[in-house]
Amino acid sequence: MQALYPGSFDPLTLGHLDLIERASQLFERVVVAVLQNPSKNPCFSVEQRLAQIRAATSHLSNVEAAAFDGLTVAFADRCGTAVILRGLRALSDFEYELQIAHTNKSLAPQLETLFMATATAHSFLSSSVVKEVARFGGSVRHMVPTGVAEDLVRLFNRTSQSQA
Ligand code: ADP
């Protein structure tokens with residue numbers, strides 16, 4: 001069975017990566033799907049996010065990364081996956097995630113949404129927290145894969161220089 005793990009991944013965190021690693025042991029193939037959502041004004045381009053995911057998951061032979069826009073259920077259908085995977089960090093994630101899962105079910109009854117609890121150690125992590133810390137010069141090396149930490153330093157060094 002294959003699973004689709006959709007999200008913004010702007011950028012990938014160690015929480016995302018932990019979930020991908022665990023999912024890769026449960027499913028034959030895991031597609032990490034980066035949503036192209038221009039309205040979210042992302043820090044990293046889709047190409048950068050795909051490169052970050054591919055570098056961080058190079059040790060997992062059954063994981064691949066792809067970009068998509070439009071409905072997640074339509075992309076799951078195109079990929080031939082029957083499972084949409086989402087992570088739950090805290091109760092606060094639950095209400096939103098349940099609403100999306102029910103919506104997706106109403107659109108594509110053959111698809112199942114599976115929730116995986118995040119690793120306790122990473123349950124405080126979100127892409128926005130990581131960006132906030134990196135923007136103000138804090139170390140994010142314990143929050144993201146090495147390549148992502150380097151990309152964040154480059155991004156915010158450039159931004160602060162261009163503002164100076
Ligand atoms: P979205 O904009 O779709 O919420 P995210 O990149 O923020 O995209 O999250 C993608 C998925 O990863 C979601 O299911 C989210 O709950 C999950 N996720 C976010 N942070 C973590 C974390 N620290 N550990 C595990 N899963 C996470």
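This passage describes the two largest pockets and the aromatic pairs of a predicted model.

The largest pocket of the predicted model encloses about 1,000 Å³ of space. Its lining is made up of 41 residues, of which Pro 6, Gly 7, Ser 8, Lys 40 and Arg 86 lie closest to the centre of the pocket. Both strands and helices contribute to this lining: two or more residues each come from β1 (2-7), β4 (83-88) and β5 (112-117), as well as from α1 (14-26), α4 (91-107) and α5 (127-135). Among these elements, α4 makes the greatest contribution to the largest pocket, supplying 8 of the lining residues. When the lining of the largest pocket is divided by class, 18 residues are polar, 15 are nonpolar and 8 are charged.

The second largest pocket holds about 160 Å³ of space, and 13 residues line it, those closest to its centre being Ala 134, Gly 137, Gly 138, Leu 152 and Val 153. Two or more lining residues are given to the second largest pocket by each of two helices, α5 and α6 (146-163), and α6 provides the most, with 6 residues. Helix α5 is thus listed for the lining of the second largest pocket and also for that of the largest pocket. By class, the second largest pocket is lined by 6 nonpolar, 5 polar and 2 charged residues.

Turning to the aromatic side chains, a total of 2 aromatic pairs is counted in the model. Tyr 5 and Phe 9 form an edge-to-face pair, in which the ring centres are 5.1 Å apart and the planes stand at 70 degrees to each other; this angle is assigned to the edge-to-face class because it is over 60 degrees. Tyr 5 has a relative accessible area of 6% and is therefore classed as buried, the cut-off for that class being under 20%. Phe 9, with a relative accessibility of 3%, likewise counts as buried.

The other pair joins Phe 68 and Phe 75, whose rings are stacked, with 5.0 Å from centre to centre and 15 degrees between the planes. Here the planes are under 30 degrees apart, so the pair falls in the stacked class. Phe 68 is buried, its relative accessible area being 3%, and Phe 75 is also counted as buried, at a relative accessibility of 9%.

Methods:
Residues numbered from 1 in each chain as written. Predicted model: local features only at pLDDT ≥ 70, side-chain atom pairs only at ≥ 80, totals over all residues. Heavy atoms only, no water. 1 Å grid on protein atoms, 1.4 Å probe; cavity = no way out; pocket = protein on both sides within 12 Å on 5 of 7 lines; lining within 4 Å. Points joined across faces, edges and corners; volume = space filled by probe spheres on them. Helix = DSSP H or I, 4+ residues; strand = E, 2+ residues; numbered from the N terminus. Nonpolar A, V, L, I, M, F, W, Y, C, P; charged D, E, K, R; others polar. Phe/Tyr/Trp six-rings, centres within 6.5 Å; stacked < 30°, edge-to-face > 60°. Buried < 20%, exposed > 50% of the residue type's maximum accessible area, 1.4 Å probe, protein only.
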